[in-house]
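Student: I should like a close look at one part of this protein chain, followed by its setting in the rest of the model. Please treat the strands towards the end of the chain and the loops between them.

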Amino acid sequence: MSGCTVNPAEHQPKDLTLAVVVERMAKYQPRVEELWRRYPVKRAALLQVLWMAQEEFGWVPREAIKWAADTCVVSHAHAFGVTEFYTMYRQVPAGKHLIQVCQTMCCYIQGSENLIEHLEKSLGVHSGQTTKDGLFTLVRVECLALCGTGPGVMIDDQAIGPKPHALGEGQLAEEHLSVPDFHPNAALLDSWIKFLRDEHAKKPTTTGSNGWALPTTPNATGRLVLNTKGHPGAFGAAAKPLPVGYYPPAPALKLAANVAGDKVALTWINDSGSTKIIVERSDDNGSTWRELATPTPKDQKAGDTLAVGASAQYRVIAHEKDRIARPSVVVSATGQPPAPVAPTAAKVSP
Ligand code: FES
């Protein structure tokens, strides 16, 4: 954890042995195998495997780093190095809410040090530490990609900025929902902290997978966050809540359309674990789609016919049992006039 003032070695539970980690992580094996299928080498899945450990424990214990290293066939030292490098991996048990403040130059200039000092005073901890009640961990991090509205601050998955998402029951005071100068300030952060403390003081109604009793709504993966969908590319990001443990199958890749006259030949690559393939066609530039063909996963090709000058778009959607992958890239094709027939040589009479 960047800016951490605690030594992770002093915070490893003695009873959390590698054997215990292996037992607890056994349920993640299908997801690990799914990842392996996506990459040419197992080590490529290391970041996501470490992320699974954090999902399970709420942080990444040393023994879990060893498990991840063994799983991805890299040395323990390599996995330790990766965990050290990325500030999103927590190497010590964290509080129920993680407050991250960007200390990179752009935010430093915008006053991040003042905010950190304010939070350290109001929470009674130094950066890298957790409050005595176990509710908040304060950390310094590098760029959160909130530079434009800096100093960048995140509480759990919520970027604290000019327009906080609606919070549902127990909302922040209305006057704090808009920050006059567009940047997080001490008053706004105090409101968040008070809001979260109040929520925890209420009788908890929901318990997260890591045992936390959290007050707000489930995110796309069914886990509990502060009413945000997180990064759109994040695991499980989707328009509707998905069950805990859901992971999407591999999408069809390298879709290509080759046109010869009025014939369109579509080719792609799909995962060997795909159980169903649907090829879709759009005649209005991707606004609406209709099913064109359902070739078997082994085929990895389909055909279509287009009148001369007519255009269409195509995409392929892979399924793995009841799980649906995100659609492939969209390719366009336009019907061509038939290739001119080469004149046959006139017969010469002897
Ligand atoms: S530099 Fe602070 S969020 Fe980018």
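Tutor: The answer below begins with the confidence of the model, takes up the requested strands and loops, and then turns to the remainder of the chain.

The model is predicted, and the protein chain has an average pLDDT of 79, with 77% of the residues scoring at least 70. The secondary structure of the chain amounts to eight helices and 12 strands. Of its 350 residues, 29% count as buried. Among contacts between residues at least 6 apart in sequence, 60% join residues at least 24 apart.

The part requested may be entered through strand E10 (311-320). Strand E7 (residues 276-282) is joined to E10 by seven bridges, and the two run antiparallel. Within this pair, Ile 277 has Ala 318 in E10 as its bridge partner. E10 is also joined to strand E12 (residues 331-334), by four bridges and again in the antiparallel sense. Here Gln 313 is the residue opposite Ser 332 in E12. With E11, E10 pairs antiparallel over two bridges, and Glu 320 stands opposite Arg 323 in E11.

E10 and E11 form a hairpin that has two residues between the strands. In the turn, Lys 321 has a positive phi of about 55°. Asp 322 also lies in the loop between E10 and strand E11 (323-324). Is Asp 322 buried or exposed? Asp 322 counts as exposed because it has 8 C-beta neighbours inside 10 Å, and the cut-off for the exposed class is 12 or fewer. Along the chain, Asp 322 and Lys 276 are 46 residues apart, while their C-alpha atoms are separated by 9.7 Å.

A second loop, between strand E8 (290-293) and E9, contains Pro 295. Pro 295 has 19 other C-beta atoms within 10 Å and is therefore partly exposed; a residue counts as buried at 20 or more. Leaving aside residues up to four places away in sequence, Pro 295 touches Ile 277, Val 279, Lys 301 and Ala 302. For one of these, Val 279, the separation from Pro 295 is 16 residues in sequence and 7.8 Å in space, C-alpha to C-alpha. Ile 277, another residue touched by Pro 295, is the one whose bridge partner in E10 is Ala 318.

Ala 302 leads to another sheet. Three strands form this open sheet in the order E5-E6-E9, with antiparallel pairing. Strand E5 (253-260) and strand E9 (301-305) stand at its edges with a single partner strand each, so one side of each has no neighbour in the sheet. From one strand to the next, the twist averages 20°. Strand E6 (residues 263-269) and E9 run antiparallel and are joined by five bridges. One of the paired positions is Leu 266, whose bridge partner in E9 is Ala 302. Ala 302 thus appears both as a bridge partner of Leu 266 and among the residues touched by Pro 295.

Elsewhere in the chain, an open sheet of four strands follows the order E2-E1-E3-E4, and its pairing is mixed. Its edge strands, strand E2 (136-141) and strand E4 (158-159), pair on one side only. Strand E3 (residues 153-155) and E4 are antiparallel and share two bridges, with Gln 158 in E4 as the bridge partner of Ile 155. Helix H7 (residues 112-123) packs on this sheet and touches strand E1 (97-102), E2 and E3. The direction of H7 makes about 150° with that of E1.

A pair of helices completes the survey. Helix H4 (residues 62-71) and helix H5 (residues 76-85) pack at an angle of about 120°, their axes being 8 Å apart. The crossing of H4 and H5 is right-handed. On the H4 side, Ile 65, Lys 66, Ala 68 and Ala 69 meet His 76, His 78, Ala 79, Phe 80 and Thr 83 of H5. By class, this contact has five nonpolar, three polar and one charged residues.

Confidence sets limits on the reading. It is highest in H4, at a mean of 96, and lowest in E4, at 78. Over residues 173-180 the pLDDT stays under 50, and the model has 12 contacts beyond four places in sequence for them. Residues 204-241 also have a pLDDT below 50, with 66 contacts in the model beyond near neighbours in sequence. Where pLDDT is low, predicted coordinates should not be read in detail.

Definitions and conventions:
Residues numbered from 1 in each chain as written. Predicted model: local features only at pLDDT ≥ 70, side-chain atom pairs only at ≥ 80, totals over all residues. Pairing = 2+ DSSP bridges. Axes fitted to C-alpha atoms, helices over the stretch in contact; angles between N-to-C directions. Left-handed = near helix turned anticlockwise from the far one by under 90°. Contact = placed C-beta atoms within 7 Å. Nonpolar A, V, L, I, M, F, W, Y, C, P; charged D, E, K, R; others polar. pLDDT = per-residue confidence, 0-100.
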